[in-house]
Amino acid sequence: MQDRVAEGRTRSAAQRPRKHLKNDILLVGQPNVGKSVLFSHLTGVRTIASNYPGTTVSYAMGRMRGKGSTLIVMDAPGTYSLEPLDEAARVTVDLIDDAKRIINVVDSTHLERHLPMTLELIAQKKPMVVALNMSDEARHRGIGIDVERLSAELGVPIVPIVALSGEGVKQLVDTCLDLQPQQPPILNQSGHPGHHPHIQHPSQAGNGSASAGHVHLDRDRIWQRVGELVERVQTLEHHHHSFTERLEEISIHPLWGSLFALVVISLSFSLVRLIGEFLIAGAVGIVGAPWVELPFGTELLFDKVLQPPLMRLSALLGPGSFLHRLFIGTLVDGRIDFMQSFGILTSGIFIPLGVVLPYLLSFYFVLSLLEDSGYLPRLAVFLDSFMHRIGLHGYAIIPTLLGLGCNVPGIMATRILESRRQRFITATLISVAVPCAALQAMIIGLLGRRGIGPVLVVYGTLFVVWLLISLILRFTSREFQPELLVEIPPYRLPSARALAAKMWLRISGFVREALPIILTAIVAVNVLYQLDLFTYLAKFAEPVVTRVWGMPSEAVVPLLVGMLRKDVALGLFAALMLTSKQMIIGSVVLAMFFPCVATFVVLFRELGFKGGLKSIGIMLLAVFLTGGALNLIL
Amino acid sequence: MEKLLTELKPGDQGTVVAIKGGRGMQSRLRSLGLVEGQTLHKLSALAWGGPVVVEVKRTQVAIGRGMAAKILVRCG
């Protein structure tokens, strides 16, 4: 959901519509240098920024006012070099072609790693300014940079900034706007012509590779030049090992690191559950003692505040009428059950706001903490050997974790994986076996009433399915699996402001996009029941639903609704008064069966038509077998 | 003494002598600063054939075991 930020103007790397690439200012830099944070500052468009390489997988476009005109600013995905190594980075190269001015964002704490690309960019002869980001962190770590000297050596203006706080951003903008469009900056003003990196044109032979008319520099010369530059402009002070550095040591240690990973993961899951339960059920749900009952939690709120007026409305409409069915739904024991009544004003509001929203808040809070602290790449490194054994890549854990929130951004994030095949497998696994937070909220809310056992059976089954599908897919291809090679960012204390902005973006995305679909689904359900269409549908699906999965034939309606919203669908299962076994099978089948519309669209967009069909085929086979197996075993 | 990066002990330092891989691998490693002549510090080798973690140019980089076995370093 949240990747469609920037007001729906981000585009998939696969599409690359050339004519839309014109931009006034392009942000270019290596992964994880803070381009997205700077972009938000410049344009006011909020984007998702985190502390791991590969957060921005497509480009974002925004507008900025400056010098009396509106300028188009683009945020390119991070790339290490103009020789693009993955799909997302290829986009950047195209964007550079059409850029009027470039802001090259550089990490001040790792100058020697970032300057090679700066030299490559200078060789493209576009008006350019270098933003030395994280200059506060550089100071803190005892790294001194002679900005004037570096600027003179490179022949481009340089502005130190702190993108997170906005320090220096205004000066950066002014400097950028002062650049004369289309006048190439003069290379190397320092009067050492011998220090020019050799410019090698594509037609020339040698180790500079050619693509799309880009100027490529001799690699060895670049590194040599960067070495000289850094020696001249950078001073390092020794400093004591800080607490975060100790933590960094622990978290990559073979033994302590695995314990650390175990603690982080279990803590994260319990925290999500704890905060979610607290928001829904209040303190009672957590402590389990009646004497700490607080007037808190969405359950209590809905029951105390909305029950009385809605009961009056119910009496007014008269139970049994179509309008009653539509707005209130069916009464349970003469009262409104917000989970099961299924009217627009009852479950239609309670499911998204009372159950799913608290859980989403809790999930995204914990996920954002993990993202911004810099732990996720370490987890990927730790799980790499396990993931390789089941045919995946360590980095596949990041899209998968995102998928636990919402499958849509999860599947989009598979672009950080290098091979098409890895992308296909990871995206398919997410759509089939990774339940989104909305569905999980309902599973915990409804199945949790019958004890923790059934909930664990559902999660366990989905995990086994995830494992089996990846193992089976592994044996269908002997294609070489690319190995892990990834930069591990330093730990950083998550900034409260960035965290809040990111959560707001993700949550408002849910309210804006999911709420209308939920209400539509509930109207559709009631119309379906009213017209008695489901008996016809039930007959059609009976062989599988009843015979193989052991569900009542009415279960076909929730399964259909699941294509719109899975959370609403599970609520419908609850209204069917199923046995625990049927509820477990229903939850698993629903989690695996056709992904919701949004996921469906993204799946086909990311995998292409053929890939999408293949993925759906795998899903159908898997759900048929899993439901049947559960029916036999349980 | 020349060793493969996989044979280096955690805590040891070394200088990259050769990268015995194809162009694609060379270019991926180069983008993270791993070039011939570069000094590095091995921090950790994860269990079960997991990646090797090195510090290069003050940045931590995780390298898959197979790739690490193609990097020759001089140490001691």
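**A walk through a predicted two-chain model**

I would like to begin in a loop of chain A, the one between helix H13 (322-327) and H14, because that is where Asp333(A) is found and exposed, with 5 C-beta neighbours inside 10 Å. The phi of Asp333(A) is positive, about 55°, although this residue is not a glycine. Please keep in mind throughout that what we are looking at is a predicted model.

Let me turn to how confident the predictor is. The model as a whole scores ipTM 0.95 and pTM 0.83. For chain A the mean pLDDT is 83, and 86% of its residues reach 70 or more. Within chain A, confidence is lowest in helix H1 (residues 5-8), where the mean is 32, and highest in strand E7 (residues 158-160), where it is 96. Two stretches of chain A deserve caution: over residues 1-19 the pLDDT stays under 50, and the model has 46 contacts beyond four places in sequence for them, while over residues 183-213 the pLDDT also stays under 50, with 52 such contacts in the model. Where pLDDT is low, the predicted coordinates should not be read in detail.

Now to the interior. The largest nonpolar core has 137 residues, and those with the most contacts inside it are Val381(A), Ile398(A) and Met592(A). Helix H14 (residues 347-373) of chain A gives the most to this core, with twelve residues. Apart from this core lies another, of 58 residues, among them Val33(A), Ala131(A), Leu154(A) and Val173(A). As general background, nonpolar side chains in soluble globular proteins tend to be buried together.

Which residues does Ile398(A) touch, if we do not count residues up to four places away in sequence? They are Tyr52(A), Leu376(A), Ala380(A), Ala413(A) and Ile416(A). Among these, Leu376(A) and Ala380(A) are also among the buried residues of helix H15(A), and that helix is my next stop.

Helix H15 of chain A, residues 375-389, has 15 residues and reaches 22 Å from its first C-alpha to its last, which is close to the 21 Å expected at 1.5 Å a residue. There is nevertheless a kink of about 50° in H15(A), centred on Leu383(A). Twelve of the 15 residues of this helix are buried, so H15(A) is largely enclosed by the rest of the structure. The buried residues include Pro377(A), Arg378(A), Phe382(A), Asp384(A) and His388(A), and Val381(A), which I named for its contacts in the largest core, is also one of them. After H15(A) comes Gly391(A), whose phi is positive, near 90°.

Elsewhere in chain A, Asn133(A) lies in strand E5 (residues 128-133). Is Asn133(A) buried or exposed? With 28 C-beta neighbours inside 10 Å, Asn133(A) counts as buried, because the cut-off for that is 20 or more. Leaving aside neighbours within four places in sequence, Asn133(A) is in contact with several residues, including Val33(A), Gly34(A), Asp107(A), Ser108(A) and Ile161(A). Asn133(A) and Val162(A) are 29 residues apart in sequence, and their C-alpha atoms are 5.4 Å apart in space.

For another pair, look at Trp256(A), whose place is in helix H10 (residues 256-281) of chain A. Trp256(A) has 13 C-beta neighbours inside 10 Å and therefore counts as partly exposed. From Trp256(A) to Leu533(A) there are 277 residues in sequence and 59 Å in space, C-alpha to C-alpha.

Finally, chain B. Its mean pLDDT is 91, and 100% of its residues reach 70 or more. Among the elements of chain B, helix H1 (residues 23-31) has the lowest mean pLDDT, 85, and strand E6 (residues 71-74) the highest, 95. Chain B has two helices and six strands, and along the sequence they follow the pattern β-β-α-β-β-β-α-β. With 76 residues, a compact globule would have a radius of gyration near 11 Å, and chain B, at 11 Å, agrees with that. The C-alpha trace of chain B spans about 25 × 25 × 20 Å along its principal axes, and 43% of the 76 residues count as buried. Of the contacts in chain B between residues at least 6 apart in sequence, 57% join residues at least 24 apart.

I will close on a residue of chain B, Lys57(B), found in the loop between strand E4 (52-56) and strand E5 (59-63). Lys57(B) is not a glycine, yet its phi is positive, near 50°, and with 18 other C-beta atoms within 10 Å this residue is partly exposed.

Key. Residues numbered from 1 in each chain as written. Chains lettered and ligands numbered in written order. Predicted model: local features only at pLDDT ≥ 70, side-chain atom pairs only at ≥ 80, totals over all residues. Helix = DSSP H or I, 4+ residues; strand = E, 2+ residues; numbered from the N terminus. Expected span 1.5 Å × (residues − 1). Bend = angle between axes of the 7 residues up to and from the residue. pLDDT = per-residue confidence, 0-100. Core = buried A, V, L, I, M, F, W, Y, C linked by C-beta atoms within 7 Å. Contact = placed C-beta atoms within 7 Å. Rg over C-alpha atoms; globule rule 2.2 N^0.38 Å.
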